[in-house]
Amino acid sequence: MTVREFLRVMWEGKYLLVGAVVLALAAAFLYAERKPEVFEATATVQINAVDLGDGDTPATTTTVDTDPRLVEAPGVLDLVGEAVGAGVSPRLLATLVSGQYDAATQVMTITTTAGTPAGAVELANAVASAYVESLPGVIDDQIAEIDARRDALRTQLDAVDEQVKSKPKDPLAGAERSTIIDQYQTLSASHSTLESIVTPAQVLTPATGSSAVVVGLPRASIVLLGALAGLAVGIGLALARRALDSRLRGRSDAAEAAGVPVLAELYGVTRAAKSYRRTPVLPVSSRVASPFTESIRELRTALHVAMQDREHAVVVVTATDPHAPRSFIAANLAASWAMSGRATGAVSGDLRRPDLEDLLPRPNGPGTDPDGLRPTQVPNLRFLALHDPTMDPADYLATDRVRETVEAARDAGEVLVIDAPPVLAAADATILGAFADCVVLVATAGRTVRTVLVEAAERLRINGVPLTGVALAGVKGDSRMVYASTYGEPAEPEPVEPEPAVSEPAVSEPAVSEAVVPEAVVPEPRTPHPPTFPPTGARATAEPPAAADPEVEPPTPAQVAPTIGRLLRTARRS
């Protein structure tokens, strides 16, 4: 997935993204507001040591037992409970106290937590004092343990002495006796050292109010982490939505699903339809360039290549679902062929919803031609409606009368465009597709489900309909289409700054009287004439235009539209 595709997925899932971020921010804010503050205080205790040794033997350092778990010992916590207040459980205090010993500096660091800074400081100092008071008892326990070990060594030594007496030359017995004696001497030295320690430890740095700090993240950090978590969840939801969404997303997706190429991506269909409802003039017949009109011309060119220069060709325009703007695209496609100078016919093959007839209204001229096609407001474009209220639409389209009518309309012009109902809505599209040389399947990006397009294309193939390609509507315009639709428009003239006046050297009066000064040649004013264009859809000829007849009917909207378009472009540039 490219960066552009990722950003498009995020934009499509923007509501999920924003919702996840807002919910995460609200949860983080509530948690930060309701979370009780916990303060931490620290006190340090210096452990005293005694070094024993003389000049011949290295000095050994002996201290009281420095196990950090002694800070949480029941005897210490009992003293702390008496100091901070009656009724405090030693088990609760054990969760609020911890110790850490540094062998290099022989310092025991005591850390406590409480709901207030003063409570944390009071608890830290109480634990430090209770720990120092408990150390003499710890020394007594160590001495008692050493005495027990010395008694055990004396018992072992007596047994070894008996063995040595019975076997004086036994080397193992002699070595064991030496080891026992060394261990006994070491324990005796430790015993003497511990007895010599008068003050095992003292409080080095008591806890103070300034040293109490808040434990955990501040509120701002909690809210920021909540926003980041919400953003991550929103991105995951947007990606999951895209993965579970089976709608068409682009040209490659539609081509893969239908098994045929995408003939054109139709840009700005919705905007063009809104413009048509405001001014009932088809966008293609107005001759105003736009992304939609350029897309229709691209579709017309692709179909012209697929026709292989047939003298008479039938193009059926159908769709995957009723929501696709099929009739509007068919009307503009037929108008595009007519504007290119081809004799074109448009047939309304949707007997259930005949929208094409409203898109191609009758002009103010005469009625129906002898071949059954009536003229429209677009030059070179005639219209034919298939209708029989006495029969079912599918049954009526399958009759020989309809076949003969379509063949006659095809022979009456160069291109015949048939607006057919959606493929999956009824059998009408497959029946009309049998008359066609090319069939265009209209799908909508972001709305048509992929499986629907697959089923529609498969149904056309099963019935032998010549599916030429897909026209993908609902595609948003990009800079390429804007450039293509505005290419060729005159650029705005840049303002010309007046040239500064150049002073000429002074000339004496005699020189002026003798000099021959030529008269200034002033060009005659030219009356601007607007450029003349041939009528819309008519072929250009070398003959001069005929004089206007006052009895001729006023021009149709399609003929006036080019002038309106030029005036609008001029107004935008000004």
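Good morning. Let me begin with a definition: helices, of at least four residues, and strands, of at least two, are DSSP runs numbered from the N terminus. The model before you is a predicted one, and I shall discuss two parts of it.

The first part is the second largest pocket. Helix H1 (3-12), strand S8 (262-267) and strand S15 (467-475) each contribute at least two residues to its lining. Which of these elements gives the most to the lining? That is H1, with four residues. In total, 20 residues line the second largest pocket, and the space within this pocket comes to about 730 Å³. Nearest the centre of the pocket lie Arg8, Glu12, Arg249, Gly474 and Lys476.

What is the make-up of this lining by class? Eleven of the residues are charged, five are nonpolar and four are polar.

The second part is the loop between helix H10 (291-307) and strand S9 (313-319), where Gln308 is located. Asp309 is found in the loop between H10 and S9 as well. Gln308 is not a glycine, yet its phi is positive, at about 60 degrees. Asp309, also a residue other than glycine, has a positive phi near 55 degrees.

Are these two residues buried or exposed? The cut-off for exposed is over 50% relative accessible area. Gln308 has a relative accessible area of 63%, and therefore it is exposed. Asp309 counts as exposed because its relative accessibility is 65%.

To close, I would ask you to keep two items in view: the charged residues in the lining of the second largest pocket, eleven in number, and the positive phi values of Gln308 and Asp309. Thank you.

Definitions and conventions: Residues numbered from 1 in each chain as written. Predicted model: local features only at pLDDT ≥ 70, side-chain atom pairs only at ≥ 80, totals over all residues. Heavy atoms only, no water. 1 Å grid on protein atoms, 1.4 Å probe; cavity = no way out; pocket = protein on both sides within 12 Å on 5 of 7 lines; lining within 4 Å. Points joined across faces, edges and corners; volume = space filled by probe spheres on them. Nonpolar A, V, L, I, M, F, W, Y, C, P; charged D, E, K, R; others polar. Buried < 20%, exposed > 50% of the residue type's maximum accessible area, 1.4 Å probe, protein only.
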